[in-house]
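The following paragraphs go through a protein chain, one element after another. Please keep the sequence and the coordinates at hand while reading.

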Amino acid sequence: MIILRPLCPACQTRTMLARITPGPSGFDIRTFECLACAHVHQRAVELVDPMKSPETARWLRGELHAPTSAMPALDDIAKAGSKTFDRVLSLVAALIVVAIIVVARY
Ligand SMILES: [Zn+2]
């Protein structure tokens, strides 16, 4: 969540958020302090459900999703005769052959 820091009404310097306290139902009170002139400025801000915020909506509309579709299911890998199983088997066989060659040379 992005908290916008308003300008100080007295000197137009960007204020710092000092604290957030509960306000009336559905609101919180944000206290901003000006570091230049020590002016204290309070603002009531409506609370937004994080799941309904514009930032969350943008994130959900994006292309971020779990990598389930890109990964083959574990059942498919373990199934004998499946393409992935054959590939893994031939890779293991190739590694064993290389290991035998390396051991035989020394
Ligand atoms: Zn100020």
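Of the 23 residues of helix 3, the number that count as buried is 0, so this helix lies largely in the open. The model is a predicted one. Helix 3 covers residues 83-105. From its first C-alpha to its last, helix 3 reaches 33 Å, close to the 33 Å expected at 1.5 Å a residue. In general, an α-helix has 3.6 residues a turn, so residues three or four places apart point the same way.

Helix 3 belongs to a chain with 3 helices and 3 strands. Along the sequence these elements follow the pattern β-β-β-α-α-α, with the strands coming before the helices. Buried residues make up 5% of the 106 residues in the chain. Among the contacts with a separation of 6 or more, 23% are between residues 24 or more positions apart.

The strands come next. They form an open sheet of 3 strands in the order 1-2-3, and the pairing is antiparallel. Strand 1 and strand 3 stand at the edges with a single partner strand each, so one side of each has no neighbour in the sheet. On average, and with direction ignored, neighbouring strands of this sheet are turned by 25 degrees against each other. As a general point, strands of a sheet pair through backbone hydrogen bonds, either parallel or antiparallel.

How many bridges join strand 1 to strand 2? Strand 1 (residues 16-22) and strand 2 (residues 27-33) run antiparallel and are joined by 6 bridges. Leu17 has Phe32 of strand 2 as its bridge partner, and Thr21 has Ile29 of strand 2. The hairpin made by strand 1 and strand 2 has 4 residues between the strands. In this hairpin Gly26 takes a positive phi near 85 degrees.

On to the other pairing of strand 2. Strand 2 pairs with strand 3 (residues 40-46) over 7 bridges, in the antiparallel sense. Glu33 stands opposite Val40 in strand 3, while Phe32 stands opposite His41 in strand 3. Phe32 is thus placed between two partners, Leu17 and His41. Strand 2 and strand 3 also form a hairpin, with 6 residues between them. Ala38, in the turn of that hairpin, has a positive phi of about 65 degrees.

Is strand 3 buried or in the open? Of its 7 residues the number buried is 0, so strand 3 lies largely in the open. One residue found in strand 3 is Arg43. Arg43 has 15 other C-beta atoms within 10 Å and is therefore partly exposed. Leaving out residues up to four places away in sequence, Arg43 touches Pro6, Arg30 and Phe32. Arg43 and Asp28 are 15 residues apart in sequence, and their C-alpha atoms are 8.3 Å apart in space. In a regular strand, side chains generally alternate between the two faces of the sheet.

Technical notes. Residues numbered from 1 in each chain as written. Predicted model: local features only at pLDDT ≥ 70, side-chain atom pairs only at ≥ 80, totals over all residues. Helix = DSSP H or I, 4+ residues; strand = E, 2+ residues; numbered from the N terminus. Buried ≥ 20, exposed ≤ 12 C-beta atoms within 10 Å, placed from the backbone. Contact = placed C-beta atoms within 7 Å. Pairing = 2+ DSSP bridges. Axes fitted to C-alpha atoms, helices over the stretch in contact; angles between N-to-C directions. Expected span 1.5 Å × (residues − 1).
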